[in-house]
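Here are my notes for someone opening this structure for the first time. Have the model on screen and go through the points one by one.

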Amino acid sequence: RSQIRRLQKEGYYVWDLGEKDGYCAVINSMWMKRSTDGGKTWTEKSVTKQFPFFAHFVVRDLILLKNNTLINFCYGYHKPGDPCAAYVLRSRDKGEAWELIRIAGGPGSGDSYNETFPVVFPNGRIMAMLRVGLGQSAFVVRSLDGGKTWSQPEKTPIISKHLNLTLLRKGDVVCTYPRRFAPPYGIRARFTRNMGKTWSREVILRDDITLNDGLYEPYTIELGDKTL
């Protein structure tokens, strides 16, 4: 903790864990690497300061919209002690610069949201599930304009931390998620036809897991014969 001011002067994001813990943490940097020749050569750029304090990413892949806008999702804090907020990142210049848009939570909201699990429709609409915590209901938000603006979070009947959405060919969305908060532990699923406004009954995929630790992010894919 004695090095906090020096680290801040050097440009680091510093998180003071407090006198009780006795140490601080830093994020060194985040980079974006880009190739314009099919991957033969790459340029590197630090993008740390474009993101929220202590940004964490959940979505592993950049998402490309039909208008060539790149988007990704992260969550973090405006400053230590603030409620956590979910954000979307949008770039209209192939990743050169990123616009940071708060989806939900954070200072002044009274709410805290972290991991974000989105699905993008062909028309650019986005539905995203927001994680709150273990044993708590997840929330859903929607964007009708490619992530520029978002609806208010709505509570869902899904109690889970890790929620993966799959857009099916007929337009429905299936949310597959682990049940970890109480036995019987396993994997569940629900369907929605209206971007999370209403949900189907819960479908039990597995109900025989004896240990809740390690149940994490189940995925669903749709095969050519519509089998899931």
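1. Let's begin in the middle of things, with Val 141. Setting aside residues up to four places away in sequence, Val 141 touches Ile 103, Ile 126, Met 127, Ala 128, Leu 130, Trp 150, Ser 151, Gln 152 and Pro 153. Bear in mind as you look that this is a predicted model.

2. Where does Val 141 sit? Its place is in strand β12, which covers residues 137-143. Val 141 counts as buried because its relative accessibility is 0%. One of its contacts, Ser 151, is worth a second look: the C-alpha atoms of Val 141 and Ser 151 are separated by 5.5 Å, though the two residues are ten apart along the chain.

3. Just before that strand comes Arg 131, in the loop between β11 (126-130) and β12. Is Arg 131 buried or exposed? Buried: the relative accessibility is 15%, and the cut-off for that label is under 20%. Beyond its neighbours within four places in sequence, Arg 131 is in contact with Tyr 113, Asn 114, Glu 115, Phe 117, Lys 161 and His 162.

4. Now step back to the whole chain. How many helices and strands are there? The protein chain has one helix and 17 strands. Its C-alpha trace spans about 55 × 50 × 35 Å along the principal axes. The radius of gyration is 19 Å, which agrees with the value near 17 Å that a compact globule of 228 residues would have.

5. On the inside-outside balance, 46% of the 228 residues are buried. The chain exposes about 13000 Å², and carbon and sulfur atoms supply 49% of that area. As for contacts between residues at least 6 apart in sequence, 38% of them join residues at least 24 apart.

6. Charges next. There are 34 positive and 23 negative side chains in the protein chain. The centres of the two sets lie 3 Å apart.

7. If you go looking for disulfides, a search of the whole structure finds zero. Cys 24 is in no disulfide, and the nearest cysteine sulfur to its own, that of Cys 84, is 20 Å away. Why is Cys 74 not bonded to Cys 84? The closest cysteine sulfur to that of Cys 74 is the one in Cys 84, but at 9.2 Å it is too far for a bond. Cys 74 also counts as buried, at 1% relative accessibility.

8. A few backbone spots deserve a check. Most residues other than glycine have a negative phi, and most peptide bonds are trans. Against that background, look at Asn 68, which is not a glycine yet has a positive phi, near 70°. Asn 68 lies in the loop between β6 (63-64) and β7 (70-77), and it counts as exposed at 55% relative accessibility.

9. Lys 94 is another non-glycine residue with a positive phi, here near 60°. The loop that holds Lys 94 runs between β8 (85-91) and β9 (99-105). With a relative accessible area of 67%, Lys 94 is exposed.

10. Last, the peptide bond between Pro 183 and Pro 184: cis or trans? It is cis, with omega about 0°. Pro 184 belongs to the loop between β15 (173-179) and β16 (185-192).

Conventions. Residues numbered from 1 in each chain as written. Predicted model: local features only at pLDDT ≥ 70, side-chain atom pairs only at ≥ 80, totals over all residues. Heavy atoms only, no water. Helix = DSSP H or I, 4+ residues; strand = E, 2+ residues; numbered from the N terminus. Rg over C-alpha atoms; globule rule 2.2 N^0.38 Å. Buried < 20%, exposed > 50% of the residue type's maximum accessible area, 1.4 Å probe, protein only. Contact = heavy atoms within 4.5 Å. Areas by Shrake-Rupley, 256 points an atom, 1.4 Å probe, with all protein chains shown as cover. Lys, Arg positive; Asp, Glu negative; His and termini not counted. Charge placed at Lys NZ, Arg CZ, Asp CG, Glu CD. Disulfide = S-S within 2.5 Å.
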